[in-house]
Amino acid sequence: MARDKGLEELIGNDLEAEQGITAKAMFGGWAWLSGGHLVCGAREDGMLARLGKDHDNWALQLDGVVPMLSRGKPMAGWVRADARAFGDDEIRQRLISAALAFVRTLPAKK
């Protein structure tokens, strides 16, 4: 799967002031992590955000946001946003903020 450099730049800019964020190639795209946990990702097919189980209902009400699928099955707490959602600065930043808030509740990976 090809990478979406424009989406990578948007997310990278949104996260540049955040402490403890690392970025690396993952899943055919680019991913941002905090404490070793995936926060969000960018791929040709959209933006991935980890909101946490039972914390994603609000996001799924937004146009362009759907559950993340793995092998055809929805992954609880993970959403994928298409260009309608990630192209809106307010929505993208809200998804990223919610993902950061959730991931920062998890113990750091060693």
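A residue counts as buried when its relative accessible area is under 20%. In this predicted model, His37 has a relative accessible area of 10%, so His37 falls on the buried side of that cut-off. His37 is part of strand E3. Setting aside neighbours within four places in sequence, its contacts are Trp32, Arg50, Val103, Leu106, Pro107, Ala108 and Lys109.

Strand E3 also turns up around the largest pocket, where it gives four residues to the lining, the largest share. That pocket holds about 180 Å³ of space. Its lining is made of 14 residues, and those nearest the centre are Phe27, Leu38, Leu48, Met68 and Arg80. At least two lining residues come from each of E2 (29–34), E3 (37–43), E4 (46–50) and E6 (73–81), all of them strands. Sorted by class, the lining has ten nonpolar residues, plus two polar and two charged ones.

What about the nonpolar interior? The largest nonpolar core has 23 residues, and Ile11, Cys40, Met47 and Leu95 touch the most other members. Two or more of this core's residues come from each of helix H1 (5–15), strands E3, E4 and E6, helix H3 (83–86) and helix H4 (89–103). H4 gives the largest share, with seven residues. As for Leu95, leaving out neighbours within four places in sequence, it is in contact with Met47, Ala49, Leu51, Trp58, Ala59, Val79 and Ala81. Another core, of five residues, lies apart from the largest one and includes Ala31, Leu38, Met68 and Trp78. Grouping of this kind fits a broader pattern: in soluble globular proteins, nonpolar side chains tend to be buried together.

Key:
Residues numbered from 1 in each chain as written. Predicted model: local features only at pLDDT ≥ 70, side-chain atom pairs only at ≥ 80, totals over all residues. Heavy atoms only, no water. 1 Å grid on protein atoms, 1.4 Å probe; cavity = no way out; pocket = protein on both sides within 12 Å on 5 of 7 lines; lining within 4 Å. Points joined across faces, edges and corners; volume = space filled by probe spheres on them. Nonpolar A, V, L, I, M, F, W, Y, C, P; charged D, E, K, R; others polar. Buried < 20%, exposed > 50% of the residue type's maximum accessible area, 1.4 Å probe, protein only. Contact = heavy atoms within 4.5 Å. Core = buried A, V, L, I, M, F, W, Y, C linked by side-chain atoms within 4.5 Å.
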